[in-house]
Amino acid sequence: MKATGFISLWTLVSLPCGQLANPAEHEDVVKHAIKLHRGKGAVITQRKQWVLESCRKLSGLLRQKNVVLNKLKNAIRAVEKDAGLSDEEKLFQVHTFEIFQKELNESENSVFQAIHGLQRALQGDYKDVVNMKESSRQRLEALREAAIKEEMEYVELLAAEKHQVEALKNMQHQNKSLSMLDEILEDVRKAADRLEEEIEEHAFDDNKSVRGVNFEAVLRVEEDEANSKRNASKREVDDDLGLSMLIDSQNNQYILTKPRDSTIPRADHHFIKDIVTIGMLSLPCGWLCTTIGLPTMFGYIICGVLLGPSGLNSIKSIVQVETLGEFGVFFTLFLVGLEFSPERLRKVWKISLQGPCYMTVLMIAFGLLWGHLLQIRPTQSVFISTCLSLSSTPLVSRFLAGSVRGDKEGDIDYSSVLLGMLVMQDVQLGLFIAVMPTLIQAGVSTYSSIFKEILRILILIGQILFSLAAVFLICLVIKTYLIGPYYRKLHAESKGNKEILILGITAFIFLMLTITELLDVSMELGCFLAGALISSQGHMVTEEIMSCIEPIRDFLAIIFFASIGLHVFPTFVIYELTVLLFLTLSVVIMKFVLAVLVLSLILPKTSQYIKWIVSAGLAQVSEFSFVLGSRARRAGIISREVYLLILSVTTLSLLLAPALWRAAIMKCVPRPERRSST
């Protein structure tokens with residue numbers, strides 16, 4: 001664009017958009033712009049004629065818009081003075097006129113905002129990428145706000161159309177006599193309208209101005225169907241039910257969580273298909289692993305690999321599958337606690353408390369040492385070391401399921417020590433999740449604030465210790481006064497009907513889970529303590545509850561291990577197999593050696609032989625490193641490459657765990673007692 005043309009147009013729009021008051025001012029601006037354009041000596045040719053014509057057209061449109069606005073104002077005053085209309089009808093007509101006024105004003109503002117954007121672009125430097133990025137961001141924000149306004153106006157127009165149709169129906173009903181059925185249906189219609197108004201939550205309007213809420217552009221994607229006719233009819237239904245998928249600019253996919261109309265039942269068919277597919281494919285995968293002598297859990301992980309992003313990519317509701325799989329962890333730990341009585345817990349509580357703490361401190365010390373040699377940030381070194389220090393409680397629970405726990409009288413049972421240390425690691429997991437925000441801030445803090453960060457960490461540790469004391473005090477009260485009468489009542493009500501027993505036990509698990517969650521301790525600890533409290537009622541009670549809960553646990557455990565497979569990427573492992581094998585073996589050997597060293601110091605001399613079995617059970621990396629790694633990656637503590645390395649090392653260590661466990665069992669446990677689930 002030539003300079004004269006731009007000056008003419010910009011002079012026209014130099015007034016603020018909100019202050020364009022009357023057509024006389026607009027006409028003066030246009031005449032002044034034409035005068036400036038001619039004053040520069042510009043010759044009006046066919047090539048430059050568009051400047052004059054555009055100015056005249058824009059001025060004419062603005063005059064016409066003001067004429068229409070005056071007519072709308074007169075119409076609103078006439079409606080307000082009309083005594084023949086009801087208050088509701090007056091409000092509707094006035095609202096309709098106001099919608100049209102808003103449409104005119106928004107259209108005018110869009111024109112001037114576009115010219116403002118053109119001026120910013122012409123004044124910018126095409127070599128300045130930062131400036132262009134900022135201009136693009138401003139245009140994107142303007143488009144988002146315009147889209148929101150247009151969406152709100154469209155909704156208002158739909159409501160106006162609905163009101164118009166209802167008014168027409170009412171007029172028709174008044175002109176004819178209604179039957180009794182018609183009157184009943186009319187009353188039902190009015191009651192249904194009131195119900196919709198009562199239950200409808202204006203979540204969009206209520207949350208769009210909340211701090212931290214951003215407007216995002218999303219794509220709405222319908223499910224592809226082989227039958228085009230079926231797809232067409234299904235799309236009409238989905239438009240009403242809101243079952244299509246939304247994708248934002250970051251490639252995150254969203255599904256409906258709560259519909260606007262809660263009177264119509266809905267189901268997430270993607271999630272149903274995912275669970276059905278996992279259930280069908282888990283059978284042959286688990287069967288194959290059993291045939292070749294591997295635990296069935298690896299078959300379920302392979303099932304997740306085949307169906308996940310690195311395989312067929314057929315799982316759509318990944319978050320929902322992982323959420324359901326978490327219940328597998330809850331019920332697994334409940335059954336672990338059911339076999340882990342409080343008496344056994346008191347016997348090994350010192351070892352369970354000291355062992356994981358010493359191992360974590362040593363792992364962090366080695367991590368900081370290697371991080372210093374490799375020039376890795378301290379926050380990243382601490383995070384990686386803490387992730388690798390954790391071990392998998394569900395995996396070891398499967399190893400111990402059905403195994404003989406009774407050792408020599410007076411000796412410490414290796415399963416009690418192992419499970420006690422794993423439960424303590426779950427507590428450390430909750431502590432580390434609580435400390436993660438401080439760790440993130442420490443990565444960007446200056447040295448002057450180090451003391452504040454250390455003080456904050458110490459305060460968090462104190463809060464966790466206080467929460468643990470409160471949890472165990474609550475457990476003592478429940479064990480002494482509540483659990484006995486509660487179970488006897490359940491047992492009496494469930495004779496001939498196991499449904500009451502299952503619901504009662506499940507409710508107790510969720511109660512303990514909620515208590516520990518409210519006290520900022522891991523939910524897994526609550527599930528474990530629920531099992532330990534019920535086991536205090538005796539062996540017969542334990543056997544009865546286990547027979548009811550085990551099938552539920554087994555199904556949910558399948559979902560859990562399949563969800564782990566969704567995060568395994570075989571291609572990455574194959575490309576970096578040498579590096580990953582070296583890292584995995586280094587981590588497994590280091591954890592095994594550190595565990596043997598720590599247990600040698602804290603175990604009694606008569607129980608030193610169990611240190612090999614316990615160390616073998618602790619030598620793998622917990623699947624919760626997936627959760628910690630994903631949070632750390634989003635927070636910028638670790639890079640994408642480090643995150644993939646953590647995932648791969650964790651997966652390979654879990655695959656090596658059965659072999660190491662079997663070797664330790666064969667070495668340390670007498671032959672008649674080798675009844676392991678592996």
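User: How many residues does α9 have, and what length does it reach from its first C-alpha to its last?

Analyst: In this predicted model, helix α9 covers residues 269-291. At 1.5 Å a residue, 33 Å is expected for α9. The model comes close to that: α9 has 23 residues and reaches 34 Å.

User: Where does α9 bend, and which proline follows?

Analyst: The bend in α9 is about 30 degrees. Ser 282 marks the place, and Ser 282 is also among the buried residues of α9. Within four residues of the bend at Ser 282 comes the proline, Pro 284.

User: Which residue caps the N-terminal end of α9?

Analyst: Look at the backbone nitrogen of His 270. His 270 is one of the buried residues of α9. A side-chain oxygen lies 3.2 Å from that nitrogen, and it belongs to the capping residue, Asp 268.

User: Which residue just after α9 takes a positive phi?

Analyst: Helix α9 ends at residue 291. Just after the helix, phi turns positive, at about 90 degrees. The residue is Gly 293.

User: Is Ser 317 buried or exposed?

Analyst: Ser 317 sits in the loop between α10 (296-307) and α11 (318-338). Buried means under 20% relative accessible area. Ser 317 has 2%, so Ser 317 is buried.

User: Which residues does Ser 317 touch, leaving out those up to four places away in sequence?

Analyst: One partner is Asp 268, the residue that caps α9. Two others, His 270 and Asp 274, are touched by Ser 317 and are among the buried residues of α9. With Phe 271 added, the list reads Asp 268, His 270, Phe 271 and Asp 274.

User: Which backbone oxygen does the side chain of Ser 535 reach?

Analyst: Ser 535 lies in helix α18 (residues 523-535). Its relative accessibility is 10%, so Ser 535 counts as buried. At 2.7 Å, its side chain reaches the backbone oxygen of Ala 532.

User: Why does Cys 527 count as buried?

Analyst: Cys 527 is also found in helix α18. The cut-off for buried is under 20% relative accessible area. Cys 527 is buried because its relative accessible area is 0%.

User: How far apart in space are Cys 527 and Phe 330, C-alpha to C-alpha?

Analyst: In sequence, Cys 527 and Phe 330 are 197 residues apart. Yet Cys 527 touches Phe 330, along with Leu 333, Phe 334, Ile 509 and Leu 513. C-alpha to C-alpha, Cys 527 and Phe 330 are separated by 5.8 Å.

User: What distance separates the end C-alpha atoms of α4?

Analyst: Helix α4 (residues 87-123) has 37 residues. At 1.5 Å a residue they should span 54 Å. The model agrees, with its end C-alpha atoms apart by 53 Å.

User: What share of the contacts with a separation of 6 or more links residues 24 or more positions apart?

Analyst: The protein has 24 helices and three strands. Of its 678 residues, 40% are buried. Residues 24 or more positions apart account for a share of those contacts equal to 75%.

User: Which element has the lowest mean pLDDT, and which the highest?

Analyst: The protein averages a pLDDT of 75, and 73% of the residues score at least 70. The lowest mean among the elements is 41, in helix α1 (residues 3-12). The highest is 92, in helix α9.

User: How many contacts beyond near neighbours in sequence does the stretch 225-241 have?

Analyst: Over residues 225-241 the pLDDT is below 50. Residues 672-678 are also below 50, and that stretch has 20 contacts. For residues 225-241, the model has 16.

Terms used. Residues are numbered from 1 along each chain as its sequence is written. This is a predicted model: local features need pLDDT of at least 70, side-chain atom pairs count only at pLDDT 80 or more; totals for chains, interfaces and linings use all residues. Side-chain values use heavy atoms; hydrogens and water are left out. pLDDT is the predictor's confidence in each residue, from 0 to 100. Helices (H or I, at least four residues) and strands (E, at least two) are DSSP runs, numbered from the N terminus. Contact means heavy atoms within 4.5 Å. Buried means under 20% relative accessible area, exposed over 50%, partly exposed in between (1.4 Å probe, protein chains only). The expected span of a helix is 1.5 Å times one less than its number of residues. The bend at a residue is the angle between axes fitted to the seven residues ending there and the seven starting there. A polar contact is a pair of N or O atoms within 3.5 Å; within protein, one must be able to donate a hydrogen and the other to accept it, and residues adjacent in sequence count only if both atoms are side-chain atoms.
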